[in-house]
Amino acid sequence: YIASQQGHLSVVQWLVREGKASVDMADKNGATPLYIASQNGHLSIVQWLVREGKASVDLAEEAGATPLYIASYYGHLSIVQWLVGEGKASVDMADNNGATPLCIASQQGHLSVVQWLVKEGNANVEQQLHDGTSPLAMACHFGHLDIVKFLLSVGANPTIPRNDGCT
């Protein structure tokens with residue numbers, strides 16, 4: 001876990017091959033080495049853990065966030081692309097609140113991640129959180145005009161209300 005967090009590929013490789021470390025062993029919050037490498041932008045470790053270590057690409061931590069979700073949160077486009085493209089991560093897998101990678105990237109203002117998830121990953125632009133918030137509503141709430149414009153250009157519906165009736 002710590003080697004994945006810090007970006008030490010050779011240490012990760014040795015621990016798994018020689019030390020027989022489990023690639024899916026999680027910390028107390030359920031975060032795995034793949035999750036923490038995705039969070040910290042360590043693409044080579046992400047690739048190795050999935051290809052060679054056979055890490056579970058959609059294994060979520062206790063709040064329901066997957067490696068794809070956390071990479072989207074931090075705007076790590078290359079990791080998002082690899083996890084979906086080669087890793088076959090579930091693009092619309094939601095956390096415990098119903099937030100998907102697209103929703104969280106919209107919240108954080110990562111336009112390139114939002115565009116890629118929609119255009120290449122075929123993310124559902126209408127998938128809502130449990131409270132009814134859509135990726136478009138999230139981008140509006142946080143003032144990300146570029147993402148608002150993009151989501152509207154690909155057909156996001158601006159009239160879908162949240163559970164409280166707000167649009």
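Gln47 is buried, with a relative accessible area of 18%, a value that falls under the 20% cut-off for burial. This figure, like every other in this report, is computed from a predicted model. Gln47 lies in helix α4, and once the neighbours within four places in sequence are set aside, the residues in contact with Gln47 are Glu52 and Trp82.

**Helix α4 and its surroundings**

Helix α4 spans residues 43–51, and its buried residues are Ile45, Val46, Gln47, Trp48, Leu49 and Val50. These buried residues pack against four helices, namely α1 (2–6), α2 (9–17), α3 (33–39) and α6 (77–85). Leu49, which is one of the buried residues of α4, is in contact with Ser4, Val12, Val23, Pro33, Leu34, Lys54 and Ala55 when its neighbours within four places in sequence are left aside.

**The nonpolar cores**

The largest nonpolar core has 37 residues, of which Leu49, Leu83, Leu117 and Leu151 touch the most other members. At least two residues of this core come from each of α3, α4, α5 (67–73), α6, α7 (101–108), α8 (111–119), α9 (135–141) and α10 (145–153). Separate from this core is a second one of 10 residues, with Tyr35, Ala99, Ile104 and Leu129 among them.

**Helix α6 and its packing on α8**

In α6 the buried residues are Ile79, Val80, Trp82, Leu83 and Val84, and the elements that cover them include α3, α4, α5 and α8. Two of these buried residues have already appeared above: Trp82 as a contact of Gln47, and Leu83 as one of the residues that touch the most other members of the largest core.

The axes of α6 and α8 are 10 Å apart and the two helices pack at an angle of about 15 degrees; because angles under 35 degrees count as roughly parallel, α6 and α8 are described as roughly parallel to each other. The crossing in which α6 passes α8 is right-handed. On the α6 side the contact is made by Leu77, Val80, Gln81, Val84 and Gly85, and on the α8 side by Ser112, Val113, Trp116 and Leu117.

**Helix α7 and its packing on α8**

The axes of α7 and α8 come within 8 Å and cross at roughly 155 degrees, which makes α7 roughly antiparallel to α8. This crossing is left-handed. Here Pro101, Leu102, Ala105 and Ser106 in α7 meet Val113, Val114, Leu117 and Val118 in α8. Val113 and Leu117 of α8 therefore take part in the contact with α6 as well as in the one with α7.

**The cysteines**

How many disulfides does a search of the whole structure find? The search finds zero, and the reason can be followed for Cys103 and Cys140, whose values are set out below.

| Cysteine | Relative accessibility | Closest cysteine sulfur |
|---|---|---|
| Cys103 | 1%, buried | 12 Å, in Cys140 |
| Cys140 | 46%, partly exposed | 12 Å, in Cys103 |

A disulfide is counted where two cysteine sulfur atoms lie within 2.5 Å, whereas the sulfur of Cys103 is 12 Å from that of Cys140, its closest cysteine sulfur, and so is too far for a bond. The same distance applies when the search starts from Cys140, whose closest cysteine sulfur is in Cys103. With regard to solvent, Cys103 counts as buried at 1% relative accessibility, whereas Cys140 counts as partly exposed at 46%.

Definitions and conventions:
Residues numbered from 1 in each chain as written. Predicted model: local features only at pLDDT ≥ 70, side-chain atom pairs only at ≥ 80, totals over all residues. Heavy atoms only, no water. Buried < 20%, exposed > 50% of the residue type's maximum accessible area, 1.4 Å probe, protein only. Contact = heavy atoms within 4.5 Å. Core = buried A, V, L, I, M, F, W, Y, C linked by side-chain atoms within 4.5 Å. Axes fitted to C-alpha atoms, helices over the stretch in contact; angles between N-to-C directions. Parallel < 35°, antiparallel > 145°, perpendicular 65-115°, else oblique. Left-handed = near helix turned anticlockwise from the far one by under 90°.
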